[in-house]
Amino acid sequence: MSAFDRAAAARSWLFAPGDSERKMAKALDGAADIVLIDLEDAVAEPAKPAARENVAAFLRANQDQRDRLWVRINPLQTPHALADLAAIMPARPGGLMLPKPRGRADVETLDHYLSALEVAAGTAPGSTAVIIVATETPQGMLATGSYEGVARLAAMTWGAEDIATAIGAIANREADGSYAFPYQLARTLCLVGAAAAGVPAIETIHGDFRDEAGLEALANDVRRAGFRGMLAIHPAQVDIINRAFTPSEAEVAAAREIVDLFAANPGLGTIGHKGEMLDLPHLNRARAVLARIGTA
């Protein structure tokens with residue numbers, strides 16, 4: 001499976017710190033669809049050089065799972081990004097997470113870097129996929145609809161912490177724990193931007209890994225809204241996320257019934273069914289459910 005195919009189907013994206021071989025191995029041994037090895041926030045400044053070497057060694061030792069092994073590099077606007085790429089690209093990660101992009105130009109710049117580094121490493125040109133954290137800078141949040149046709153883009157996700165700092169917020173949540181309006185907007189812009197780019201939208205982390213009920217409720221809510229997967233910060237979250245983003249038997253049965261109904265009535269654009277009028281959007285949503293389980 002290519003990294004792009006993996007991203008298209010992925011439900012759970014699990015972070016693992018790049019300075020801990022034990023945690024990287026534990027993440028890879030689990031059920032996460034994609035393991036995101038982190039060289040950014042999880043690694044302190046003095047530890048970054050050693051972490052790069054650790055990550056490169058881990059990638060080389062696990063090439064049989066290349067499509068699952070992605071790396072979050074540091075932002076392009078920092079002095080660490082090129083050092084990250086120079087260290088890890090010879091070890092052939094399946095994909096990269098680009099944090100804090102300021103817009104389309106940053107992803108295009110990353111594509112140029114990767115094209116040269118793939119040639120140098122003997123990696124198939126264009127095979128390294130990219131997911132962006134689209135809303136971590138003010139410029140990036142305003143550019144969420146600009147990524148259609150960008151090379152290598154395989155998914156988009158969002159974040160609420162860095163953008164809160166950037167706009168001068170004191171907090172990013174309401175008293176009841178829900179995100180305040182600017183961060184609900186960030187989530188929505190990511191969802192719509194991903195649809196415009198033709199890639200999956202991935203929900204951000206649920207920070208309290210002990211709150212299993214809250215995670216499950218959130219995952220179900222955002223899947224209904226259109227998100228295709230979710231970031232995880234702890235292995236205990238993976239099974240919950242995988243379950244939430246897998247269509248239930250009832251959903252699959254209902255979707256198959258709608259697809260079969262339209263197939264049996266090819267001349268009709270609108271069909272009455274169980275007290276509801278169904279048309280093309282209903283059919284397309286039903287087909288999307290079946291596509292998630294490998295049938296259509």
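Helices here are DSSP runs of H or I with at least four residues, numbered from the N terminus. With that numbering in hand, a tour of this predicted model can begin at its largest pocket, where helix 12 provides the largest share of the lining, 7 residues. The space in this pocket comes to about 980 Å³. Its lining is made up of 36 residues, and those closest to the centre are Arg223, Arg285, Ala288, Val289 and Arg292. Helix 12 spans residues 280–292 and is joined by other elements that each give two or more residues to the lining: helix 1 (3–9), helix 8, helix 9 (212–225), helix 11 (249–264) and strand 10 (276–278). Sorted by class, the lining of the largest pocket holds 21 nonpolar, 4 polar and 11 charged residues.

The second largest pocket has a volume of about 400 Å³. Here 22 residues form the lining, and Phe15, Arg72, Thr204, Ile205 and Ile233 are the ones nearest the centre. Two elements, strand 1 (12–17) and helix 7 (161–166), each contribute at least two residues to this lining. Strand 1 gives the most, with 3 residues. The classes in the lining of the second largest pocket are 12 nonpolar, 3 polar and 7 charged residues.

Attention now turns to charged pairs. Side chains of opposite charge can pair when their charged atoms come close. In this model, 14 salt bridges are found. One of them joins lysine 100 to glutamate 40, with 2.5 Å between the closest N and O atoms. Lysine 100 sits in the loop between strand 4 (95–98) and helix 5 (104–121), while glutamate 40 sits in the loop between strand 2 (34–38) and helix 3 (48–61), so this salt bridge ties together parts of the chain that are 60 residues apart in sequence. Both partners, lysine 100 and glutamate 40, are buried. For lysine 100 the relative accessible area is 15%, and the cut-off for a buried residue is under 20%.

A second salt bridge connects aspartate 84 with arginine 52, and the closest N and O atoms of this pair are 2.6 Å apart. This pair also links distant parts of the chain, with aspartate 84 in helix 4 (residues 81–88) and arginine 52 in helix 3, 32 residues apart. Which side of the buried cut-off do these two residues fall on, given relative accessibilities of 0% for aspartate 84 and 8% for arginine 52? Aspartate 84 counts as buried because its relative accessibility is 0%, and arginine 52 likewise counts as buried because its value is 8%.

A third pair brings together the side chains of glutamate 203 and arginine 187, at an N to O distance of 2.6 Å. Distant parts of the chain are linked here as well: glutamate 203 belongs to strand 7 (residues 201–203) and arginine 187 to helix 8 (residues 181–197), 16 residues apart. Glutamate 203 is buried, at a relative accessible area of 0%, and arginine 187 is buried too, at 12%. Beyond single pairs, salt bridges with shared partners connect Asp38, Glu40, Asp41, Arg72, Lys100 and Asp162 in one network. Two members of this network have already appeared as a pair, Lys100 and Glu40, and Arg72 is among the residues nearest the centre of the second largest pocket.

The backbone offers further points to look for. Lysine 100 is not a glycine, yet its phi is positive, at about 55 degrees. Arginine 92, another residue other than glycine, also has a positive phi, near 60 degrees. Arginine 92 is placed in the loop between helix 4 and strand 4. Is arginine 92 buried, exposed or partly exposed? With a relative accessible area of 28%, arginine 92 is partly exposed, since that class covers values between the buried cut-off of under 20% and the exposed cut-off of over 50%.

A final stop is aspartate 111, a residue of helix 5. Aspartate 111 has a relative accessible area of 16% and is therefore buried. Leaving aside residues up to four places away in sequence, aspartate 111 touches Ala151 and Arg152.

Methods:
Residues numbered from 1 in each chain as written. Predicted model: local features only at pLDDT ≥ 70, side-chain atom pairs only at ≥ 80, totals over all residues. Heavy atoms only, no water. Salt bridge = Lys/Arg side-chain N within 4 Å of Asp/Glu carboxyl O. Buried < 20%, exposed > 50% of the residue type's maximum accessible area, 1.4 Å probe, protein only. 1 Å grid on protein atoms, 1.4 Å probe; cavity = no way out; pocket = protein on both sides within 12 Å on 5 of 7 lines; lining within 4 Å. Points joined across faces, edges and corners; volume = space filled by probe spheres on them. Nonpolar A, V, L, I, M, F, W, Y, C, P; charged D, E, K, R; others polar. Contact = heavy atoms within 4.5 Å.
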